[in-house]
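Welcome to a short guided tour. Have the sequence and the 3D view at hand, and follow along at your own pace.

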Amino acid sequence: MGLSRKQIVMLAVLVFGTFVTVLNQTVVAPALPSIMDEMNVDAATAQWLTTGFTLVNAIMIPITAFLSDRFTTRRLFLVSMAIFTVGSGLASWGITFEVLLLGRLVQAVGAGILMPLVMTVLMWTFPVDKRGTAMGLFGIVIAFGPAIGPTAAGIIIDRATWHDMFAIIAGLSLIVLVIGFFALERGGETNKNVTLDILSVVLSSLGFGGLLYGLSLIGSYGVSVDSAIGTIVGAVCIVLFFRRQLRMEHPMLQVRVLQNHKFLVATIIGMIVQGALLAAGILVPIYLQSYMGFSATVSGLVLLPGAVIMGAMGPIAGRLFDRHGPRVLSLIGTGVLTLTTVAFVFLGPATSLAWLTIVYTLRLFSLSLVNMPITTWGMNALSNELMNHGTSVNNTLRQVAGSLGTAIIVSVSTIATNLSQSTLGQPAANFFGIDAAFAVSALLCLIAFIMVAVLVKDKPGEARTRDLDNARSSVLEAIMKRDVYTLPENATVAEAMELLVDKNISAVPLVNAAGEAVGFVSDGDIMRYLSKRSAMVMDPVVMIVQTMQADGDNKDFARKLDELMGKPASSIGAKGIIGVDLHADLPEVCRVLGENHLKKVPVLDDGHIVGVINRSDITRFSMERYLENRGDEGIPRHTDKHDHDDHDTTLPPKLEHAEQDSALADDEAVAASI
């Protein structure tokens with residue numbers, strides 16, 4: 001990886017600590033049936049182990065911003081891991097349900113601090129040229145933890161108990177804590193002048209917690225004085241919390257971002273999807289283990305393929321979003337999500353295990369087509385100044401929605417089971433309760449689908465609404481190159497090859513009669529096509545060269561090459577094109593380049609290509625701006641070698657490695673596979 005031993009140890013501690021906390025969030029679902037049986041509690045009560053954890057996580061997200069300013073990253077990391085370890089120990093002990101729930105809530109406090117903090121620690125620890133390696137490994141962990149969590153938990157529960165499962169987590173977190181104490185450096189500056197609005201914390205905790213408590217009581221015991229008081233107090237506190245945030249100059253949670261229509265729509269859709277996701281994760285293990293009699297291991301294996309696919313689809317969904325925008329992906333995602341949730345409405349004693357696995361996997365696949373595109377679409381509607389606030393609000397409300405949605409859906413299952421027990425009998429009533437819960441979940445998914453169909457648009461030039469003074473477009477126009485070569489969408493492969501050779505370029509966009517980009521063809525497309533069609537084990541480039549010699553050994557390949565030349569270029573190239581809006585800002589351009597592994601990207605204005613911007617152009621522009629801002633006296637200069645120890649004579653890592661980054665291989669051909 002090109003990292004020092006100290007950096008490798010640092011990375012291992014951070015990644016492993018994150019892995020333990022992410023793993024912890026997914027091991028509870030397979031354990032719920034065993035916990036319900038041992039503790040003699042119903043599903044509406046047991047779901048507090050998941051919803052309570054998620055709720056505390058949500059409350060901690062805005063508080064972490066204050067803690068990050070107030071304390072060093074090392075101290076905050078160690079404290080959060082210590083809290084998480086104590087919570088895991090309490091959960092492992094778990095002699096009563098109350099003790100187990102307390103352990104989960106304490107875990108959530110530690111995990112809620114740790115997850116956003118690790119990102120900061122990674123950025124602080126690693127230089128610019130090595131952050132990609134660190135963040136890549138971090139992303140793998142985020143996807144890998146939920147994938148193996150249910151299966152690992154199932155295996156442990158079947159061979160031991162759920163107590164041992166939490167004991168293993170406590171042991172792993174203790175190891176991270178000890179190693180982190182010696183491996184982590186201080187890191188970060190503190191600001192003792194920052195303050196935390198205690199009243200906002202109290203109102204948010206009472207508001208969301210009270211509402212969740214009231215809804216859970218209704219699900220378990222019906223409407224009562226306690227449930228009514230909890231629900232009313234929760235609703236009132238939430239209203240007061242939002243009013244206070246709107247009046248504060250520096251609010252704990254910047255809810256003003258919800259005044260942006262697109263961001264509000266994206267957040268609501270994300271909240272609905274999150275609730276549907278967590279509820280299914282609780283109901284399916286209960287159905288499999290408590291009602292169908294399968295083991296916890298089998299339950300985990302049913303959940304495994306969907307978790308793996310959902311994790312793997314993250315970067316793929318990002319590339320599809322860049323090419324197609326949010327509408328197509330979100331329509332497909334919410335449509336499949338609704339259909340697969342409807343399929344769960346008909347679960348019964350004769351349901352095939354293979355069928356259930358396939359439907360659940362499709363359901364999580366559809367979720368991957370909704371989460372990232374919708375979130376990115378909503379975030380793109382905000383200005384750069386509000387981006388951090390938008391992330392905090394979106395994450396907080398999604399976590400809260402996951403808790404409340406799960407409470408509502410699981411409560412529906414409990415109520416439906418209790419109401420039908422006298423007429424259907426206990427076994428049939430159990431299945432009816434599960435089906436009723438998924439019916440409510442399907443209705444929510446249908447609402448999300450309708451919202452996407454009506455409100456989510458991906459019209460070209462949307463970025464213009466956030467660039468009213470044309471400040472961003474003037475930057476791109478100054479950097480980009482305007483000499484863009486294109487081909488009509490009906491051009492042949494031969495015409496494409498001729499243009500690639502004449503202009504010494506590696507790829508060319510295809511445009512329709514209106515001048516809108518509709519496709520992309522590169523020399524890599526031609527090479528891959530020939531490689532697939534040739535039975536000879538030889539480099540296709542060598543084959544093309546040999547066809548010019550017209551010897552007898554390559555006539556068959558020459559014939560295939562002639563056939564290829566007459567084909568439409570669109571038949572072998574990529575459909576659609578990855579580009580950036582003329583009014584996009586440089587961070588957005590860099591995101592598109594980085595996520596799609598491109599060295600250059602077309603610049604679009606109302607769907608028309610108006611230029612091309614290279615990674616090296618951005619690098620040079622950034623260096624020029626840096627030098628202008630620092631001035632001649634602010635640039636570190638080389639001095640006599642004897643003064644080396646007293647003066648920093650090197651340019652910052654960002655500049656030192658900028659040209660190295662810009663000199664990477666031309667990856668335009670990758671666009672054909674996107």
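A residue counts as buried when its relative accessible area is under 20%, and as exposed when that area is over 50%. Cys 237 has a relative accessibility of 10%, so Cys 237 is buried. Cys 445, with a relative accessible area of 1%, is buried because that value is under the 20% cut-off. The structure holds zero disulfides. Please keep in mind that what you see is a predicted model.

**The whole chain**

How many helices and strands does the chain have? There are 25 helices, along with seven strands. Of the 674 residues in the chain, 50% are buried. The chain exposes about 30400 Å², and carbon and sulfur atoms supply 63% of that area. If you take the contacts between residues at least 6 apart in sequence, 76% of them join residues at least 24 apart.

**Around helices 2 and 3**

A good place to begin is the loop between helix 2 (28–39) and helix 3 (43–46), where you will find Asn 40. Is Asn 40 buried or exposed? With a relative accessible area of 70%, Asn 40 lies over the 50% cut-off and is therefore exposed. The backbone of Asn 40 also deserves a look: its phi is near 60°, a positive value in a residue other than glycine.

Move on into helix 3 and you come to Thr 45. The relative accessibility of Thr 45 is 17%, which is under 20%, so Thr 45 counts as buried. Its side chain makes a polar contact with the side chain of Asp 42, at 2.8 Å.

**Two helices and their lengths**

Helix 5 covers residues 73–93, which is 21 residues. At 1.5 Å a residue these should span 30 Å, and the end C-alpha atoms are indeed 30 Å apart, so the two values agree. The buried residues of helix 5 include Leu 76, Phe 77, Ser 80, Met 81, Phe 84, Gly 87, Ser 88 and Ala 91. A general rule helps in reading such a list: an α-helix has 3.6 residues a turn, so residues three or four places apart point the same way. Just after helix 5 comes Gly 94, with a positive phi of about 35°.

Helix 11 (residues 261–291) has 31 residues and reaches 44 Å from its first C-alpha to its last, close to the 45 Å expected at 1.5 Å a residue. Helix 11 is mostly covered, with 23 of its 31 residues buried. At its start, a side-chain oxygen of Asn 260 reaches to within 3.2 Å of the backbone nitrogen of Lys 262. After helix 11 comes Gly 293, whose phi is positive and near 80°.

**A meeting point in helix 15**

Which residues does Ser 413 touch, leaving aside those up to four places away in sequence? They are Leu 283, Gly 433, Ile 434 and Ala 437. Ser 413 itself is in helix 15 (residues 387–424). At 7% relative accessibility, Ser 413 falls under the 20% cut-off and so is buried. Ser 413 and Gly 433 are 20 residues apart in sequence, yet their C-alpha atoms are 4.2 Å apart in space.

**A sheet of three strands**

Our last stop is an open sheet of three strands, in the order 5-6-7 and with mixed pairing. Its edge strands are strand 5 (580–581) and strand 7, each of which pairs on one side only. Strand 5 and strand 6 pair in the parallel sense over two bridges. Strand 6 (residues 600–605) and strand 7 pair in the antiparallel sense, over six bridges. Strand 7 (residues 608–614) is mostly covered, since five of its seven residues are buried.

The table lists residues that stand opposite each other in this sheet.

| Residue | Partner |
|---|---|
| Val 580 | Val 603 in strand 6 |
| Asp 581 | Leu 604 in strand 6 |
| Lys 600 | Asn 614 in strand 7 |

With these places found, you can go back to the view and trace them again for yourself.

How values were computed
Residues numbered from 1 in each chain as written. Heavy atoms only, no water. Helix = DSSP H or I, 4+ residues; strand = E, 2+ residues; numbered from the N terminus. Buried < 20%, exposed > 50% of the residue type's maximum accessible area, 1.4 Å probe, protein only. Pairing = 2+ DSSP bridges. Polar contact = N/O pair within 3.5 Å; in protein donor to acceptor, adjacent residues only side chain to side chain. Expected span 1.5 Å × (residues − 1). Contact = heavy atoms within 4.5 Å. Areas by Shrake-Rupley, 256 points an atom, 1.4 Å probe, with all protein chains shown as cover. Disulfide = S-S within 2.5 Å.
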